[in-house]
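Here's a quick briefing to read with the model open beside you. It goes topic by topic, so feel free to jump around.

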Amino acid sequence: MPRGGKKKKGRNRNNTKRRDLRPTNNDGQPTKNSVKGSTAKAPFNHNGATDGITPNFDAFQQSGKALPNSYRTVYSRYKAATKRVFEYMQANSPEKNHIPREQIFVSSLVTTADWMVESRIPVDPDILKDLKFAIRARSKAAWLVYGGGDSGHKYLLDVLIYCWKNLDSLPRAEKDIIREGKEELDTNGEGPSSNRFEALLEVTGEDEGDDDDMDEEIFPSDDVPRPTLHAEAVPLQDLLDSDERNDAIMFLLALDDLMRCVVEKYRAVSRYVDYIVQEGMCGSVIVPSLMGAAIATNMAIHQVRRLEIEFELHNPHISTPYRLLSTIILPERVKQVIQITREHGQKVCSVRDANLFLGDCLECSFRSPADPENRGSVIVSDFCSRFGVDGKGSEDIDKILFELQWLVKGEVPLRSELAIMEKTNITSHGWIAMSYIGGDRAIHHTIRLLQWFGSSANKIEKGRLLKLGAGFFGSSPWQPGRSQKIHTDLDELLMVEILPSLFYLCRDGELNSDTRLPQQNEIAPFWSCLRRFARSPEKPVRWSTVFAVHAMLTSILETDKITAAIAVVCEKTFNSYFEQLDMACEYKKGVDGVFDSTHFQSHLRVVQYLKELGHPFYEPRARWNPLCAGTNFLYLTYFGNITVGTALIDDRSQLKIVLHLYHALIVNDILKSGDIPLLDWLLDGFENSRTFWGGPLPRKGKFVEQFWLGMRGSFRVAEKVMADVSRLDDTQLSNKNHLEMIEMLCRNEASVTTRLDPAEFSTSFRRICNRDYHDVVDNCHSKKMKQQGSGQDGYAFAVQLNDTSQAFVKEHGLFAFNLPALGVYLDEFVCGMSRFFKWDQLFNGTSLHDQNPRLQHPERIAEAYVFAHDILGALDQAKDPSELGRIKDFVTLFMCPFFEKLSNHARGFIWFQIAGWDIP
């Protein structure tokens, strides 16, 4: 077990009895046979790797929280920008001493802009940036979705454009001039000086005039007519408080932009598969492409979670997707409800109350009629009682609910409702007029399916697999290669095959709430969303869960013709990783007893547990659809192969010994880069780890010192070894008695090696697992694109994604190695080197274990010391390669033949191929 201590059999890390993960029959006993079409399936039979016991993951839990993204979302920024503009203009108004800040009206902005132009008042350039951002954000929401918005917000937008056009003609104020009112704003953190978007990589020092190719409709080059001021004063604060519709639209626009990224990634996967087939490449070459698409999708899901949280912070009353949809699509119904309460109620409901009521009515219409959480039978009476609505008004509101129920059936119809809806004039899937979450890809259709599934799943007791009736949601069985749209075409696949398995996985299987897989939230937000849904399926679904499932459906749609082929390749590749582990352990079994340590076995159990994610108990399309397959590979790579794998490949310092040796041989011109390609890949993969190398890549004269610093990080020991090396002569290469130093090391060392931090050598790991984007570089956007994107969520996401994807592509050669399996073979090389130089004879008859009972494998400490002293010491001091005859003989007679033979059996430790590799 890991350092958490000895584990009692059959209990998890919380010392509670581990729940049997197998489905049960009606008597509560595990099922023995598959019952097709029922709510039970074949028993969940764990393989021998875990013996039905969840490993202890405590040693791999992150010690600190991942870094949060440092930039703010659009909701806080466009409102803050608008507010700063208002306050700046109020502070510069000729009537500033007579108008309290809370009484700023829209008309006062026009008056102030005119006065500033007439007086030629220099304008703060930061305020112009705020004004541009506020206009662009509001215009995008207003014009793209609801034709200019309501009259109040359209009036505000016209005024803002007029102000920008006039203020843009004024001279710019010097940066070091603090205008009246600005100092007060800055103290609250909302001043123009705080609007720098430094986390968004804003380009500094660029001329404002380079950004003149703005949308002509938003920022016209011609004169803008002065808006006709409304006779009734419109308070600015009232408009800001009613911005929830803008917020809702911008939220959906952000989802559409993120889904566009998902679509593009899986279209690229589809094109790449065509290329692989054309070139006759190995099928596993597709794995890096699937992982790259899964990285983008999971980053998008994480971004949606952030957007969702901040949206609810700014609009806590719009807490469900249904209330958000109501805010956007039912403004006329809102007026009807208000009018009914005005005419038939004891008190008039507000716009917000009407919106919330209609949103909850939509929820009732989206839910199954048999759902016990469906409040359709009481929602009207509750509303009428609250506002004292009489019988006639109650009938009118009940009619609105009835109309909404038919409206929902027409907008997002299930298969059983299609025939009825065809007889009506209702056009389906038209509420969201967006390219990637509307129309044939309507995300609100997925909302309805998820809510229906949650209703059924909530009735199933734990330990049982939900099986919905085949054919209810679409043609059964679902056939790949025929889907043209997400809604309707993929309904049967989602509800009958995919969701039941994923729900069981997250509620009762390996991802259940009792199992805390390390780094899950960072690597696989997709799983986190499904786990949250599985915990409370009866609640209104959340946008992040809907987006995650919709992204999965999008991945299937974009690869529909090759989905079956992808599934076969993915399952074979996934299983090959664990077959390689089994082969490596079998190869090393009984040899020197080097892998009998508790440390190795417990770490190996952690990796082998991940095999259950691909257990055949789960439906193949749930395990191996493009997004789920890519996410499985991501977690296996970043947690299993990198986090745990680096602890196994260097479990006995074998990786350090091999790479420090190879690097020193290259520096001394005994070998050159390319002579051993396998070691070149490893050297490239770990060259940035200062912990591994004891600093930067060592130069001649520093080999011994940095090797020992990399081993234990001890300057004292390194200095001692260096002092011994300085007394080295040619005749002492392998004959010097090292026992005194070795015994001292064994007494003082608690372990053979230090644990590597993957964030040091893997940039993509640092981006994904630590969410560390502080040093991202934007090398994919032009200067003007950077200017136009600065301050926008989509731009920041694109920069982070591009940087992460580029790092992944650079590093996926290292990821292709099965590091735990490769560690077995590298350890065999070190043992062979010890035999070649007869170091093992130095330790015969000694009792190194007696020096420190806690230290497992003290012989490796001894070998490492002799290696540093005799081999690296000689390479450090040699002035001519001719002085290194014995080492050159070792390279020729043992090292090169060993790795040549190992490379000929690369299928034993390379679990997927990279384009351009020739794996025998």
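Helices here are DSSP runs of H or I with at least four residues, strands are E runs of at least two, and both are numbered from the N terminus. This is a predicted model, so local features need pLDDT of at least 70 and side-chain atom pairs count only at pLDDT 80 or more, while totals for chains, interfaces and linings use all residues. Residues are numbered from 1 along each chain as its sequence is written, and side-chain values use heavy atoms, with hydrogens and water left out.

**Backbone oddities**

- Most residues other than glycine have a negative phi, and most peptide bonds are trans.
- Start with the loop between helix 15 (443-457) and helix 16 (491-507), which is where Pro 477 sits. The peptide bond leading from Ser 476 into Pro 477 is cis, with omega near -5°.
- Ser 653 isn't a glycine, yet its phi is positive, at about 65°. Look for Ser 653 in the loop between helix 23 (626-649) and helix 24 (654-667). Ser 653 counts as buried because its relative accessibility is 0%; the cut-offs are under 20% relative accessible area for buried, over 50% for exposed and partly exposed in between, using a 1.4 Å probe and protein chains only.
- Asp 669, also not a glycine, has a positive phi of about 65°. Its loop runs between helix 24 and helix 25 (677-686). With 66% relative accessibility, Asp 669 counts as exposed.

**Salt bridges**

- Side chains of opposite charge can pair when their charged atoms come close. The rule used here asks for a side-chain nitrogen of Lys or Arg within 4 Å of a carboxyl oxygen of Asp or Glu, and the count by that rule is 33 salt bridges.
- One of them is inside a single helix: Glu 264 and Arg 260 pair at 3.3 Å, N to O. Both belong to helix 7 (residues 244-279) and are 4 residues apart, about one turn of the helix. Glu 264 is partly exposed at 41% relative accessibility, and Arg 260 is partly exposed at 33%.
- Another salt bridge joins Arg 532 and Glu 308, at 3.9 Å from N to O. Arg 532 is in helix 18 (residues 525-535) and Glu 308 in helix 8 (residues 286-314), so this pair ties together parts 224 residues apart in sequence. Arg 532 is partly exposed, with 26% relative accessibility, whereas Glu 308 is buried at 3%.
- Glu 312 pairs with Arg 542, and their closest N and O atoms are 3.3 Å apart. Here, too, distant parts of the chain are linked: Glu 312 is in helix 8 and Arg 542 is in the loop between helix 18 and helix 19 (543-558), 230 residues away. Glu 312 is partly exposed at 22% relative accessibility, and Arg 542 is partly exposed with a relative accessible area of 26%.
- There's also a network, in which salt bridges with shared partners join Arg 766, Arg 767, Asp 772, Asp 775 and Asp 803.

**Arg 766 and Phe 503**

- Arg 766, from that network, is in helix 31 (residues 763-769). At 15% relative accessibility, Arg 766 counts as buried. Its C-alpha atom is 10.0 Å from that of Ala 807, and the two residues are 41 residues apart along the chain.
- Phe 503 is part of helix 16 and is buried, with a relative accessible area of 7%. The C-alpha atoms of Phe 503 and Pro 537 are 9.4 Å apart, with their positions 34 residues apart along the chain.

**Helix packing**

- Two packed helices are described by the angle between their axes and the distance between the axes.
- For helix 10 (residues 331-344) and helix 13 (residues 391-411), the axes come within 9 Å and cross at roughly 165°. Axes are lines fitted to C-alpha atoms, for helices over the stretch in contact, with angles from 0 to 180 degrees between N-to-C directions.
- Helix 10 and helix 13 are therefore roughly antiparallel; angles over 145 degrees get that label, under 35 is roughly parallel, 65 to 115 roughly perpendicular and the rest oblique.

**Surface patch**

- Phe 402, Trp 406, Ile 420 and Ile 426 make a nonpolar surface patch with about 350 Å² of accessible area together. Areas come from the Shrake-Rupley method with a 1.4 Å probe, and for residues only the protein chains shown count as cover. Patch members have over 30% relative accessible area and no salt bridge; like charges are joined within 9 Å, and nonpolar side chains (Val, Leu, Ile, Met, Phe, Trp, Tyr) within 5 Å.
- Ile 420 belongs to helix 14 (residues 415-421) and is partly exposed at 44% relative accessibility.
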